[in-house]
Amino acid sequence: MVQDFDALILGAGAAGLMCAIEAGKRGRRVAILERSERPGKKILISGGGRCNFTNIHTSPENFISSNPHFAKSALARYTPADFMALVEKHDIPYHEKTLGQLFCDRSAQDILGMLEKEYGESGAQLFVNVAIQEVTHTTEFVVRTAETEFHAPVLVVATGGLSIPKMGATGLGYDLARQFGLAIREPRPALVPLLFGMEDCGRYIDLAGVSAEVIASCDGQSFGEKMLVTHRGLSGPAILQISSYWKKPQSLIIDLAPGQKVTTELVESNVPRNIASLRAAMQTILPNRLANRWLDNHVPSGWTNSALEAVERQIHEWAVTPVGTEGYGKAEVTAGGVDTDELSAKTMESRKVPRLFFIGEVVDVTGQLGGYNFQWAWASGACAGRAL
Ligand SMILES: Cc1cc2nc3c(=O)[nH]c(=O)nc-3n(C[C@H](O)[C@H](O)[C@H](O)COP(=O)(O)OP(=O)(O)OC[C@H]3O[C@@H](n4cnc5c(N)ncnc54)[C@H](O)[C@@H]3O)c2cc1C
């Protein structure tokens with residue numbers, strides 16, 4: 001069976017659905033082809049089930065890309081306020097949790113329901129359980145499945161990254177980019193827990209569940225948030241954020257007492273200069289178990305002023321060298337992807353292959369933690385949708 005459309009969108013995630021809505025509104029006959037049994041599965045699990053759907057402080061600095069300027073145009077054309085207006089039009093209650101992060105009051109289903117209603121009204125047709133066998137391009141694009149050939153002059157690839165394969169992630173977007181001769185920046189797991197080496201495993205993993213406010217730094221970036229010890233390494237927002245910048249074999253520098261001086265009393269008052277005093281001082285800042293264990297593994301070389309200075313420095317510059325990440329199974333996003341040099345920043349259209357578009361996570365634009373990845377999906381999807 002052959003079905004003709006004005007545009008085919010591969011993937012019914014955040015970016016694909018937004019693109020369909022905008023294109024449908026402009027009267028395009030759109031088909032969205034989705035591999036899973038339903039659209040927007042990642043939206044439903046996002047933000048702990050409440051979907052951190054945008055961040056009111058979104059700016060290009062919140063994104064990682066080999067071209068830091070690329071995202072500017074799309075982010076300016078479709079802003080957090082645009083998405084909030086849509087959410088408000090549908091009377092969806094939401095709140096700012098922290099640092100500009102907007103979450104649904106009730107559940108992520110509200111956001112998916114809103115998108116489903118919008119694309120339904122725009123006339124876009126969703127096909128689920130679609131197993132794409134082949135994509136070709138002659139005078140138009142042809143997407144072949146076992147039963148159907150979908151034809152259209154426009155193809156939009158919105159198949160996301162490789163994170164969470166059990167939610168339906170595949171490498172189809174990257175395969176298509178290669179097939180059409182577009183360069184790819186090596187994909188890698190991002191916003192992902194990091195793994196301790198053998199030695200640190202032996203030292204710390206029985207503290208799994210303990211957390212502390214730290215500043216984690218690497219590669220010129222720093223994030224002050226919570227760090228969590230896990231059964232295999234480190235996680236928590238500070239570590240997830242810095243993981244997107246970390247590359248093996250770099251070390252992370254962790255400040256265990258941000259903005260505080262731990263040894264002041266030992267240096268300046270009559271408190272005895274010994275391990276008990278230092279433990280007591282550290283326990284005022286860190287959970288007792290972490291303070292004790294860290295000191296067991298960083299025994300001061302002495303109690304002179306310079307030895308205490310060295311301890312103070314170490315507390316603020318704990319160097320941890322992860323051996324790897326938890327991988328795509330636990331990564332919130334995939335960094336890298338279709339090289340931005342290949343795409344128009346205004347429309348997401350390929351420079352080499354006219355009427356071929358890439359949007360969302362499959363592109364080499366990755367947001368920090370905090371609603372930025374959805375904002376990129378909405379913005380890139382809307383820009384492409386308006387250009388179809
Ligand atoms: C656990 C978790 C929580 C998250 N929470 C947040 C959050 O709160 N805020 C935030 O901003 N970001 C969050 N993210 C990131 C965010 O979900 C993604 O960045 C965003 O969904 C990317 O949108 P996308 O449309 O590009 O890709 P996706 O949403 O991944 O959609 C891609 C779609 O393409 C389909 N597909 C894949 N391969 C094929 C194929 N071969 N054929 C047909 N269809 C295919 C997939 O099934 C999927 O439906 C979270 C991610 C995870 C994993």
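Helices (H or I, at least four residues) and strands (E, at least two) are taken here as DSSP runs, numbered from the N terminus. The structure is a predicted model, in which local features need pLDDT of at least 70 and side-chain atom pairs count only at pLDDT 80 or more, while totals for chains, interfaces and linings use all residues. Residues are numbered from 1 along each chain as its sequence is written, and side-chain values use heavy atoms, with hydrogens and water left out.

In these terms, the secondary structure of the protein comes to 13 helices and 23 strands, and the C-alpha trace spans about 85 × 40 × 35 Å along its principal axes. Of the 388 residues, 54% count as buried, where buried means under 20% relative accessible area, exposed means over 50%, and partly exposed lies in between (1.4 Å probe, protein chains only).

The surroundings of the ligand were examined next. A residue is near the ligand if one of its heavy atoms lies within 4 Å of it, and of the 31 residues around the ligand, A15, E34, T170, E361 and F374 come nearest. By class, this shell has 13 nonpolar, 13 polar and 5 charged residues, with Ala, Val, Leu, Ile, Met, Phe, Trp, Tyr, Cys and Pro counted as nonpolar, Asp, Glu, Lys and Arg as charged, and the others, Gly among them, as polar. Backbone atoms of the protein approach oxygen atoms of the ligand in several places, and the term polar contact is used for a pair of N or O atoms within 3.5 Å; within protein, one must be able to donate a hydrogen and the other to accept it, and residues adjacent in sequence count only if both atoms are side-chain atoms. A backbone N or O atom of A14 lies 3.1 Å from a ligand oxygen, a polar backbone atom of N373 is 3.4 Å from a ligand oxygen, and for F374 the corresponding distance from a backbone N or O atom is 2.8 Å. The protein covers 92% of the 990 Å² of accessible area that the ligand has on its own, areas being obtained by the Shrake-Rupley method with a 1.4 Å probe. The elements that give two or more residues to the shell are α1 (14–25), α2 (41–45) and α13 (372–387), and α13 gives the most, with 4 residues.

Helix α1 has 12 residues and reaches 17 Å from its first C-alpha to its last, close to the 16 Å expected at 1.5 Å a residue, the expected span being 1.5 Å times one less than the number of residues. This helix is mostly covered, since 11 of its 12 residues are buried, among them A14, A15 and G16. Just after α1, G27 takes a positive phi of about 85°.

Aromatic side chains were then compared, with rings of Phe, Tyr and Trp (its six-membered ring) taken to pair if their centres lie within 6.5 Å, and with planes under 30 degrees apart counted as stacked, over 60 as edge-to-face and the rest as tilted. The structure holds 13 aromatic pairs. The rings of F141 and F180 have centres 6.0 Å apart and planes at 70°, so this pair is edge-to-face. Because F141 lies in strand β10 (residues 141–144) and F180 in the loop between α6 (172–179) and β13 (184–190), the pair ties together parts that are 39 residues apart in sequence. Both F141 and F180 are buried. F196 and Y204 form a tilted pair, 5.8 Å centre to centre with 40° between the planes; F196 is buried at a relative accessible area of 5%, and Y204 is buried at 1%. In addition, F53, F83, Y94, F374 and W378 form one aromatic cluster.

Several loops carry notable local features. T230 lies in the loop between β16 (221–229) and β17 (233–235) and is buried, with a relative accessible area of 17%. A polar atom of the T230 side chain lies 3.1 Å from the backbone nitrogen of R232, and a polar atom of that side chain lies 2.8 Å from the backbone nitrogen of G233. A cis peptide bond, with omega of about 5°, joins K248 and P249, and P249 lies in the loop between α8 (237–243) and β18 (252–255). L99, in the loop between β6 (94–96) and β7 (101–104), has a positive phi of about 50° although it is not a glycine, and L99 counts as exposed at 54% relative accessibility.
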